[in-house]
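Hi,

Here is the structure I promised to pass on. Have a look at it first, and my notes follow below.

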Amino acid sequence: MELSTLSASVRDSSFLTRVLQQYLSLLKKYPIITKSVTSGILSAVGNLLSQALEYRKNNKENSPKKNISVLGPVHFAIFGLFITGPVSHYIYQLLEVLLPTTVPHCLIKRLLLERLIFAPAFLLLFNVVMNALEGKTLADVQNKLKTSYWPAMKMNWKVWTPFQFININYVPVQFRVLFAKLVALFWYAYFASVRK
């Protein structure tokens with residue numbers, strides 16, 4: 001019995017190794033497409049996680065149950081595929097070009113550039129696009145931005161700053177979108193619940 005268990009784990013390890021090798025190969029051949037698809041999938045999963053947590057919370061509190069929406073993951077997948085993946089790819093590349101490791105204090109300069117320029121612009125873009133995908137009017141978008149943009153930006157800075165410091169300074173550039181999207185699974189769970 002122990003032999004069959006060992007055999008199964010070796011097969012699983014081999015399968016995971018092949019999947020990782022295939023992912024690395026795709027990342028090398030098609031970096032933007034691979035990062036975009038990865039971003040789209042993980043964004044959709046993050047939204048599903050958020051909805052599942054909200055559903056579970058409502059269940060425990062005997063609140064009215066809100067069904068899990070298929071449109072939420074679709075909207076997040078669209079945003080991840082067409083915006084987060086490609087935009088993040090270019091931003092991370094730009095940070096490498098503008099602030100190579102030879103620049104004095106590049107670690108802090110990269111972080112400040114990403115946190116003070118990229119993050120606010122990206123959060124604004126996220127709000128506008130997601131509200132447009134939900135069919136909201138321009139007035140709805142403006143009201144949403146007035147009420148939730150600043151609290152979400154402060155939370156973004158609190159949550160993301162240590163992760164982005166690690167990401168933009170220590171994670172190899174080809175893995176930064178993947179690293180950020182894995183952290184984002186939890187961020188989307190928080191942010192999607194705040195947006196509702």
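Contact here means heavy atoms within 4.5 Å. Helices are DSSP runs of H or I with at least four residues, numbered from the N terminus, while strands are runs of E with at least two. This is a predicted model, in which local features need pLDDT of at least 70 and side-chain atom pairs count only at pLDDT 80 or more, whereas totals for chains, interfaces and linings use all residues. Residues are numbered from 1 along each chain as its sequence is written, and side-chain values use heavy atoms, with hydrogens and water left out.

Let me start with helix 3, residues 71-98. Its 28 residues reach 38 Å from first C-alpha to last, close to the 40 Å expected at 1.5 Å a residue (the expected span is 1.5 Å times one less than the number of residues). Helix 3 also has a kink of about 40° centred on Gly-80; the bend at a residue is the angle between axes fitted to the seven residues ending there and the seven starting there.

Gly-80 turns up again in the contact with helix 2, where the helix 3 side includes Gly-72, Pro-73, Gly-85 and Pro-86 as well. Among the helix 2 residues that meet them are Ser-36, Ser-39, Gly-40 and Ser-43. This contact divides into 11 nonpolar, 12 polar and 1 charged (Ala, Val, Leu, Ile, Met, Phe, Trp, Tyr, Cys and Pro count as nonpolar, Asp, Glu, Lys and Arg as charged, and the others, Gly among them, as polar). Helix 2 (residues 31-60) and helix 3 pack at about 135° with axes 7 Å apart; axes are lines fitted to C-alpha atoms, for helices over the stretch in contact, and angles run from 0 to 180 degrees between N-to-C directions.

Helix 4, residues 106-133, comes within 11 Å of helix 3, axis to axis, and the two cross at roughly 160°. That makes helix 3 roughly antiparallel to helix 4 (the cut-off is over 145 degrees). Phe-76, Phe-79, Ile-83 and Val-87 are among the helix 3 residues here, and Phe-118, Phe-122 and Phe-126 among those of helix 4. The contact divides into 16 nonpolar, 3 polar and 3 charged.

Phe-118 is also where helix 4 bends, by about 35°, with Pro-120 following within four residues. Just after helix 4, Gly-135 takes a positive phi of about 80°.

Finally, the axes of helix 4 and helix 5 (residues 138-170) come within 8 Å and cross at roughly 145°. Their contact residues divide into 21 nonpolar, 7 polar and 4 charged.

Best wishes

Key. Angles under 35 degrees count as roughly parallel, over 145 as roughly antiparallel, 65 to 115 as roughly perpendicular and the rest as oblique.
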